[in-house]
Amino acid sequence: MSDALDLGVPGIEAALGDHICGLYSNQLQRDQILLPFLEAGLAAGDKCICVVDGSDPREVLAALDRRTPAAKLAADKQLDIIRAPDMYLRSGGFCADEVISTWKAAMSDVMYDGRFDVVRAVEAWSRRDVVPDMDELMVLETEMNRFLPLFPQVVVCLYDIDRFGGGIIVNLLKTHPRMLIGGMLVENPYYLSPDELFHRAERGSPETADAEITEAAKWYFDETTGSN
């Protein structure tokens, strides 16, 4: 089994264990990443999990089904499309520890099933069906980096930047090792491991934090506009 995985975007490959972040401003931009990612996974015979916030799973299934037999694959349990509240609000509120436990249980079920060597998951966050506490959300994103090596998987997190606001970008940079920017998969120099992030938060001063935010924001702007 190769570690290189086609992301569905021409010229872009992911690796097992990748935790990737992408930003979008509307459903069209979201689907330009989400649908090819799922199509590539289904074609490769991987288990595919899609968690959508603010969209009916039937709409995603219909969009996929126009180009691949997604409905049959969903019936065969190769494809799961899940409403965000059903994944993130099982106990009524958003809790990072509970979400991680849910993901671990889902991955364990896939491995026990034995039909799939690789799991591809995509989460689309829009603050429509689920409005998470931002601190809990960042705990979830950083703790995913401990969870990812436990299974042969790739996770892509998509954020509606219009609804979350530009202020979230620095937190996303801290918690995702790789970023999808302008049709390219970019290594993120501002990523911090869970332990590094914890110690930085304990020891950092407000002045240092402000400088880091400014530097990270400039890096992201330069990468996005191609001005670096």
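**A mixed sheet, its helices and two cores**

Lys77 is exposed, its relative accessible area being 51%, which places Lys77 just on the exposed side of the cut-off, since exposed means over 50%. In this predicted model, Lys77 sits in the loop that links α3 (70-75) to β5, and although Lys77 is not a glycine, its phi is positive, at about 70°. A positive phi, near 60°, also occurs at Arg127, again a residue other than glycine; Arg127 belongs to the loop between β6 and α6 (134-147) and, with 27% relative accessibility, counts as partly exposed.

The strands that border these loops lead into the sheet. Seven strands make up an open sheet with mixed pairing, arranged in the order β5-β4-β6-β7-β3-β8-β9. Because β5 (79-83) and β9 (184-187) stand at the edges and have a single partner strand each, one side of each is left without a neighbour in the sheet. On average, and with direction ignored, neighbouring strands of the sheet are turned by 20° against each other. Within the sheet, β6 (residues 119-125) and β7 (residues 153-160) run parallel and are joined by seven bridges; Glu123 has Cys157 in β7 as its bridge partner.

Helix α1 packs on this sheet, where it touches β3 (19-24), β4 (47-52), β5, β6, β7 and β8 (178-181), and its direction makes about 165° with that of β6. The helix comprises 18 residues, 27-44, and spans 25 Å from its first C-alpha to its last, close to the 26 Å expected at 1.5 Å a residue. At its start, a side-chain oxygen of Asn26 comes to within 3.2 Å of the backbone nitrogen of Leu28, while after its end follows Gly45, with a positive phi near 80°. The buried residues of α1 include the nonpolar Ile33, Leu34, Leu35, Phe37 and Leu38, but also Arg30, Asp31 and Glu39. A further helix, α2 (residues 57-65), lies across β4 and β5 and runs at about 145° to β5.

What remains is the nonpolar interior. The largest nonpolar core has 42 residues, and Tyr88, Trp103, Trp125, Leu140 and Tyr159 are those with the most contacts inside it. Helix α5 (residues 96-113) supplies the largest share of this core, six residues. Leaving aside residues up to four places away in sequence, Leu140 touches Phe94, Ala96, Val99, Ile100 and Trp125. A second core, separate from this one, has 31 residues, among them Leu5, Val9, Ile33 and Leu42; Ile33 and Leu42 are also among the buried residues of α1.

Technical notes. Residues are numbered from 1 along each chain as its sequence is written. Side-chain values use heavy atoms; hydrogens and water are left out. Helices (H or I, at least four residues) and strands (E, at least two) are DSSP runs, numbered from the N terminus. The expected span of a helix is 1.5 Å times one less than its number of residues. Buried means under 20% relative accessible area, exposed over 50%, partly exposed in between (1.4 Å probe, protein chains only). A polar contact is a pair of N or O atoms within 3.5 Å; within protein, one must be able to donate a hydrogen and the other to accept it, and residues adjacent in sequence count only if both atoms are side-chain atoms. A nonpolar core is a set of buried Ala, Val, Leu, Ile, Met, Phe, Trp, Tyr and Cys residues joined through side-chain atoms within 4.5 Å. Contact means heavy atoms within 4.5 Å. Two strands pair if DSSP finds at least two bridges between them. Axes are lines fitted to C-alpha atoms, for helices over the stretch in contact, and angles run from 0 to 180 degrees between N-to-C directions.
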